[in-house]
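Colleague: Could you take a close look at a single part of this protein for me and set it in the context of the whole chain? I would like each term explained as you go.

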Amino acid sequence: MSAEEDRRHMAHALGLARRGLGRVWPNPAVGCVLVGGGRVVGRGFTQPGGRPHAETVALAAAGQAARGATAYVTLEPCAHHGRTPPCAEALVAAGVARVVTAMEDPDPRVSGRGHAMLRAAGIVVAEGVLAEEARALQRGFLRRVTEGRPMVTLKLAASLDGRIATASGESRWITGPGARARVHAMRADHDAVMVGAGTVRADDPMLTVRGLGFAHQPVRVVAARGLDLDPGGNLGRSAREVPVWLVHGHAAPAGARAAWAATGARLIEVAEASGALDPGAILAALGAAGLTRVFCEGGGQFAAALLAAGLVDEIALFTAGVALGADARPALGALGLGALAAAPRFRLGGVEQIGADTLSFWWRD
C-alpha cells in the first residue's frame with residue numbers, strides 16, 4: 001500500500017470510530033478497516049457499551065477474507081485479557097498480514113504490547129498514520145488514562161457582548177433553532193452532560209438529547225454541594241429512564257440523599273475546597289466512574305470554577321448577533337483575576353456559521 005492509500009483507509013477508520021463517541025465509555029472509540037485484494041473486506045467500530053471492539057466486528061465481517069489483509073486501526077490493538085480476548089491476538093489468529101495504526105495506546109495494560117505481539121507473530125506493523133487526527137478524536141480517553149479525569153467541553157451561548165440573559169433573567173432564546181439543534185448533537189457525542197445546581201433550580205432542565213431520531217442518552221450530572229434540589233423535578237422524575245448522577249459534599253442532608261436515591265439517581269460524594277465542591281475532585285470522581293467526555297452547560301459560577309482550576313479542555317461558544325448591555329447577566333461568574341497574565345487562554349480551533357449565529361471552538365494548549 002502507498003502512503004496515500006494508508007492515509008485514505010485510516011481516514012475511513014477514523015470516521016467509523018467517531019460513531020462510537022459518547023456511547024462506548026469507559027473504552028475508547030475505535031474504528032477498524034480491513035483491506036484485501038484492493039478492496040475493503042471488513043470494517044467495524046467499537047459498539048455501545050464498549051464491546052465488541054472494532055477489530056472483532058471488522059474481522060467477523062471479513063471472515064476468511066481477513067487472511068493476508070491489511071488492518072487499519074485508529075488505536076493500538078489491546079493486548080490484555082479483559083471481558084474479551086486481546087484484539088492483537090484476534091488479528092494474529094485471523095492471518096492478517098499487516099497492521100497500520102494511528103497511535104499507541106497509553107493504557108499501561110497495552111502501551112506498546114499490542115504492537116509487540118503483532119510483530120512477534122510476523123505481522124508487519126506501521127504506526128503513526130494520521131496520528132494528530134487520532135489524538136484529537138481520543139482526547140477524552142487520553143485525558144482519563146493520563147490524568148484520571150474526563151475531557152471537559154464547556155458550552156457557552158451568549159450575546160455579542162458575552163451575556164446569557166437580560167437583567168430580569170429572560171434568556172429564551174438568544175441563539176436560533178439551528179444552534180439549539182447543534183447543542184443536542186454535541187450532547188450525543190459526549191458520555192455525560194453536566195451542570196451546576198443553580199441551572200437546575202432556575203430552569204428545571206431535562207438535559208436529554210432530543211430531535212435526532214435515536215435513543216442514545218448521555219448521563220446527566222449535577223454538581224450540587226448540599227443536594228438542595230427538588231427530586232420531584234424533571235431530573236428526578238426521569239432518573240430511572242436516563243441516568244442522573246448527583247455530585248455532592250459531605251454535609252448534604254441525609255433526607256435529601258434518601259429522597260434522591262429513591263428516584264434512582266446515583267449519589268457521588270466528593271471533597272470540598274473553600275466552601276464549594278472541589279472541581280478537581282468532581283472530575284476525578286467522574287473519571288473513576290468511567291467517563292471520558294463531559295459536556296458542561298453551566299451555569300456561570302460552575303463554569304468559572306472549572307476554568308479557574310484549569311479543567312476546561314475545549315470551549316464551544318455560540319454567539320448570537322444581539323447586544324444585551326452591562327446590566328444583563330454574564331456568561332461566566334467571577335474568576336478573581338488579579339492580572340491579565342493569569343487569565344485562562346485558549347487557541348481558536350475553528351469557526352462555523354449556524355443560521356444567524358456563529359459557533360467557535362477554542363482549545364486549551
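Modeller: What follows begins with one histidine and its surroundings, and then widens to the whole protein. This is a predicted model, in which local features need pLDDT of at least 70 and side-chain atom pairs count only at pLDDT 80 or more, while totals for chains, interfaces and linings use all residues. Residues are numbered from 1 along each chain as its sequence is written, and side-chain values use heavy atoms, with hydrogens and water left out.

His-184 lies in helix α7, which covers residues 177-188; helices are DSSP runs of H or I with at least four residues, strands are runs of E with at least two, and both are numbered from the N terminus. His-184 has a relative accessible area of 13%, so it counts as buried, a word that means under 20% relative accessible area, where over 50% is exposed and anything in between is partly exposed, with a 1.4 Å probe and protein chains only. Its side chain reaches the backbone oxygen of Thr-208 at 3.3 Å. If neighbours within four places in sequence are left aside, His-184 is in contact (heavy atoms within 4.5 Å) with Thr-208, Val-209, Arg-210 and Leu-212.

Thr-208 also leads to another residue, since Val-242 touches Thr-208, Gln-217, Pro-218 and Arg-220, not counting residues up to four places away in sequence. Val-242 sits in the loop between α9 (234-237) and β10 (244-248), and Val-242 is buried because its relative accessible area is 10%. The C-alpha atoms of Val-242 and His-216 are separated by 9.4 Å, although these residues are 26 residues apart along the chain.

Turning to the whole protein, the secondary structure comes to 12 helices and 18 strands, and buried residues make up 50% of the 365 residues. Of the contacts with a separation of 6 or more, 72% are accounted for by residues 24 or more positions apart.

The largest nonpolar core, meaning a set of buried Ala, Val, Leu, Ile, Met, Phe, Trp, Tyr and Cys residues joined through side-chain atoms within 4.5 Å, has 41 residues, and those with the most contacts inside it are Met-10, Leu-34, Val-96 and Val-99. Helix α1 (residues 3-18) gives the most to this core, with five residues. A second, separate core of 30 residues includes Val-270, Leu-277, Ala-281 and Phe-302. In soluble globular proteins, nonpolar side chains tend to be buried together.

Note on methods: A polar contact is a pair of N or O atoms within 3.5 Å; within protein, one must be able to donate a hydrogen and the other to accept it, and residues adjacent in sequence count only if both atoms are side-chain atoms.
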